[in-house]
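Notebook open, model loaded. I'm jotting down what I looked up, surface to interior.

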Amino acid sequence: MFGPLRNGAVDDLVIVGQVGQSLDGRVATASGHSKYINCPAGIAHLHRLRALVDIVVVGVGTALADDPQLTVRQVAGPQPARAVIDPKGRLGARARLFRDDGMRRFLITAEDACCDPPPGVEVIALPAYGGNIPPSAIAIALARVGMRRMLIEGGADTVSRFLAARCLDRLHVTVAPIMLGTGGPGIALPPLERADQAPRMPVRVHRMEDDVLFDCDLAAQRVELGEAKKSR
């Protein structure tokens, strides 16, 4: 399950996205509640992913809605660095992912954004287009500060952007046997005219208690991004 994250098939980097969703493809209820869609084994799997990467990345929407810690707590393992993609500098300094616990913390924002992160938070300012920073620019910038293995943890919109930009080596989709009805959608990509135009990918399927993990190999479509300055 975790062996493919050891080395990149395209370049030096390994970038994995993860989404936990219901059987009907929802990542949250209509009110935005999402704790916890997946079973304890699915949560433990997410924490193992965190322990195996150099950095965990989330979008500002997830940071505002869930105030995640992005730490390893359910399993044994090292703590990763943490980053939030926040083009407009919306996340407050009291966010838990900014907490000073000895790990590197990053704010990825637009070049013209006005932001005042807490002391010790490293700011990566990048060009934004239409209010969004290209995923390839984010990955390259993180590689330059030494991050080789990256986990794009959420939300679904952020993971979808990395997937559409062909910046993921693997995608882990954990499906819980529940149905939420109307609510936050999972992966959302540009439309296709025909179903037979959809690219197929190698997939490994793993059972985790009641949940099912789809481990999708995206190496064939991943763009080349480069090498990290260093890796732990």
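I checked Val203 before anything else: it is partly exposed, at 41% relative accessible area (buried is under 20%, exposed over 50%, partly exposed in between; 1.4 Å probe, protein chains only). Val203 sits in strand β10, residues 203-208 (helices, H or I, of at least four residues and strands, E, of at least two are DSSP runs numbered from the N terminus).

Note on provenance: this is a predicted model, where local features need pLDDT of at least 70 and side-chain atom pairs pLDDT 80 or more, while totals for chains, interfaces and linings use all residues. Residues count from 1 along each chain as its sequence is written, and side-chain values use heavy atoms, without hydrogens and water.

Next I looked at α1, residues 40-52. At 1.5 Å a residue its 13 residues should span 18 Å, and the end C-alpha atoms are 19 Å apart, so the two agree (expected span is 1.5 Å times one less than the number of residues). I found buried residues in α1, including His45, Leu46, His47 and Arg50. The buried residues of α1 pack against β1, β3, β7, β8, β10 and β11.

Then the interior. The largest nonpolar core has 33 residues, and Leu142 is among those touching the most other members (a core is buried Ala, Val, Leu, Ile, Met, Phe, Trp, Tyr and Cys joined through side-chain atoms within 4.5 Å). Helix α3 (residues 135-144) gives this core its largest share, 5 residues. Leaving out residues up to four places away in sequence, I see Leu142 touching Ile55, Val57, Ile108, Ile124, Met147 and Met150 (contact: heavy atoms within 4.5 Å).
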